[in-house]
Amino acid sequence: MTTQVILDAEQATGKANTAADRANRAAEAAEGIISGLQPDWNVTDPVNKNYIKNKPEIPTLDMAPTAETLSYVNTDGTTINFRIGDEVRVAEDGEYVFYRLYDLAGGKASWQESGSGTALPGNVYLTGANYYNESVRTIKQGYLSNE
């Protein structure tokens, strides 16, 4: 009887270790996926993990662009000439209004409003599903959970 209890305990321990190994691999995979997300852009520091080398800059102007709005000064302090298709944004009453450059002719720019939306108060972070049932598994502190 004692021998059988020991064998059962060893078998249970082996299954628990296998389950823990699977959970750890799942946690590592999830961390790899999460670390691949870029929550904040960074276009000035190539050492920063959030550095995006070719992220297009959308300048924020103090007022709506006019026919004379042909260039802007970027984050590096360089004057950049607008090209057809470029966008700018203007903060108006807590919202961003976007304008797109449709034409450059005779030294004049043709801007048109292309959309607007609420200016968010801070960073936005993606989260997981807001529904939970028996098929959803979460990882908390490296362990799989049904919570």
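**Exercise 1. Determine which residue forms a salt bridge with Asp86, and state whether each partner is buried or exposed.**

Step 1. Asp86 forms a salt bridge with Arg83, and their closest N and O atoms are 3.8 Å apart. A salt bridge is defined as a side-chain nitrogen of Lys or Arg within 4 Å of a carboxyl oxygen of Asp or Glu. The model is predicted: local features need pLDDT of at least 70, side-chain atom pairs count only at pLDDT 80 or more, and totals for chains, interfaces and linings use all residues. Residues are numbered from 1 along each chain as its sequence is written, and side-chain values use heavy atoms, with hydrogens and water left out.

Step 2. The relative accessibility of Asp86 is 18%, so Asp86 counts as buried. Arg83, with a relative accessible area of 59%, is exposed. The terms are set as follows: buried is under 20% relative accessible area, exposed is over 50%, and partly exposed lies in between (1.4 Å probe, protein chains only).

**Exercise 2. Describe the surroundings of Asp86.**

Step 1. Asp86 is located in the loop between strand S3 (79-81) and strand S4 (87-92). Strands (E, at least two residues) and helices (H or I, at least four) are DSSP runs, numbered from the N terminus.

Step 2. A polar atom of the Asp86 side chain lies 2.8 Å from the backbone nitrogen of Arg83.

Step 3. Leaving aside residues up to four places away in sequence, Asp86 touches Asn81, Tyr99, Arg100, Leu101 and Trp111. Contact here means heavy atoms within 4.5 Å.

**Exercise 3. Identify the salt bridge of Glu87 and the strands that this pair ties together.**

Step 1. Glu87 forms a salt bridge with Arg100, the closest N and O atoms being 3.2 Å apart.

Step 2. Glu87 lies in strand S4 and Arg100 in strand S5 (residues 95-105), so the pair ties together parts that are 13 residues apart in sequence.

Step 3. Glu87 is partly exposed at 22% relative accessibility, and Arg100 is partly exposed at 29%.

**Exercise 4. Explain what the salt bridge between Lys108 and Glu68 ties together.**

Step 1. In this pair, the closest N and O atoms of Lys108 and Glu68 are 3.0 Å apart.

Step 2. Lys108 belongs to strand S6 (residues 108-118) and Glu68 to the loop between strand S1 (60-61) and strand S2 (71-73), so the pair ties together parts that are 40 residues apart in sequence.

Step 3. Lys108 is partly exposed at 42% relative accessibility, whereas Glu68 is exposed, with a relative accessible area of 52%.

Definitions and conventions:
A polar contact is a pair of N or O atoms within 3.5 Å; within protein, one must be able to donate a hydrogen and the other to accept it, and residues adjacent in sequence count only if both atoms are side-chain atoms.
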